[in-house]
Amino acid sequence: MQTQHDVLTAARLTLYHVAGIGHSLLSYSSTLRGISKVQLNQDKLHQDLDNSWEVLAEPIQTVMRRYGVPEPYEKLKAFTRGQRVTQDSMQVGCSTIVLRP
């Protein structure tokens, strides 16, 4: 037989779970509503990427590791560290890398 204390405890736990689920649904809904308002400025994105060729260093290093190029980090560092990385400098640096299948 359940006591009044047991019934109240069960009721409180039920309310806590319902409230937790409710808050989760509300936050999820608010997040989706906020994300739907985000607009991509493609011109600014392209401009930023054109001015930041160094972001390609990590994927290039991953490809180099995949194809077993020795010391990929050091090779990339040689043509990216301490200088402005441009499309031309990235292409020249990458042209020196030999990938073997």
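The following conversation concerns helix 3 and its surroundings in a predicted model.

Biologist: What should be kept in mind about the numbering and about the values in this model?

Modeller: The model is predicted, so to speak of local features requires pLDDT of at least 70, side-chain atom pairs count only at pLDDT 80 or more, and totals for chains, interfaces and linings use all residues. Residues are numbered from 1 along each chain as its sequence is written, and side-chain values use heavy atoms, with hydrogens and water left out.

Biologist: How many helices and strands are there in the chain, and what makes a stretch count as one or the other?

Modeller: Helices are DSSP runs of H or I with at least four residues, and strands are runs of E with at least two, numbered from the N terminus. The chain has five helices and zero strands, and along the sequence it reads α-α-α-α-α.

Biologist: Why is glutamine 61 called buried?

Modeller: Buried means under 20% relative accessible area, exposed means over 50%, and partly exposed lies in between, with a 1.4 Å probe and protein chains only. Glutamine 61, in helix 3 (residues 57–66), has 10% relative accessibility and therefore counts as buried.

Biologist: Which residues does glutamine 61 touch, and what makes a pair a contact?

Modeller: Contact means heavy atoms within 4.5 Å, and glutamine 61 touches Pro72, Tyr73 and Leu76 when residues up to four places away in sequence are not counted.

Biologist: How do you know that the side chains of glutamine 61 and arginine 65 form a polar contact?

Modeller: A polar contact is a pair of N or O atoms within 3.5 Å; within protein, one must be able to donate a hydrogen and the other to accept it, and residues adjacent in sequence count only if both atoms are side-chain atoms. The contact between the side chains of glutamine 61 and arginine 65 is 2.7 Å.

Biologist: Why are the buried residues of helix 3 said to be on the same side?

Modeller: The buried residues of helix 3 are Ala57, Ile60, Gln61 and Met64. They cover an arc of only 100° around the axis, taken from the directions from the helix axis to the C-beta atoms, and this puts them on the same side of helix 3. The buried residues pack against helix 4 and helix 5 (87–95), whereas the face turned away from the buried side carries the exposed residues Glu58 and Arg66.

Biologist: Why do glutamate 58 and methionine 64 count as exposed or buried?

Modeller: Glutamate 58 counts as exposed because its relative accessibility is 53%, while methionine 64, at 1%, counts as buried. Methionine 64 touches Val69, Pro72, Lys75, Leu76, Ile97 and Leu99, not counting residues up to four places away in sequence.

Biologist: What describes the packing of helix 3 and helix 4?

Modeller: Two packed helices are described by the angle between their axes and the distance between the axes. The axes of helix 3 and helix 4 (residues 72–80) come within 9 Å and cross at roughly 140°; such axes are lines fitted to C-alpha atoms, for helices over the stretch in contact, and angles run from 0 to 180 degrees between N-to-C directions.

Biologist: Which residues meet where helix 3 and helix 4 are in contact?

Modeller: Ala57, Ile60, Gln61, Met64 and Arg65 in helix 3 meet Pro72, Tyr73, Lys75 and Leu76 in helix 4. The residues of this contact divide into six nonpolar, one polar and two charged, where Ala, Val, Leu, Ile, Met, Phe, Trp, Tyr, Cys and Pro count as nonpolar, Asp, Glu, Lys and Arg as charged, and the others, Gly among them, as polar.

Biologist: What makes the phi of glutamate 71 worth a remark?

Modeller: Most residues other than glycine have a negative phi. Glutamate 71 is not a glycine, yet has a positive phi of about 50°; its place is in the loop between helix 3 and helix 4, and at 54% relative accessibility glutamate 71 counts as exposed. Just after helix 3, glycine 68 also takes a positive phi, of about 70°.

Biologist: Why is threonine 80 called buried, and where is its side chain placed relative to leucine 76?

Modeller: Threonine 80, in helix 4, has 16% relative accessibility and so counts as buried. A polar atom of the side chain of threonine 80 lies 2.7 Å from the backbone oxygen of leucine 76.
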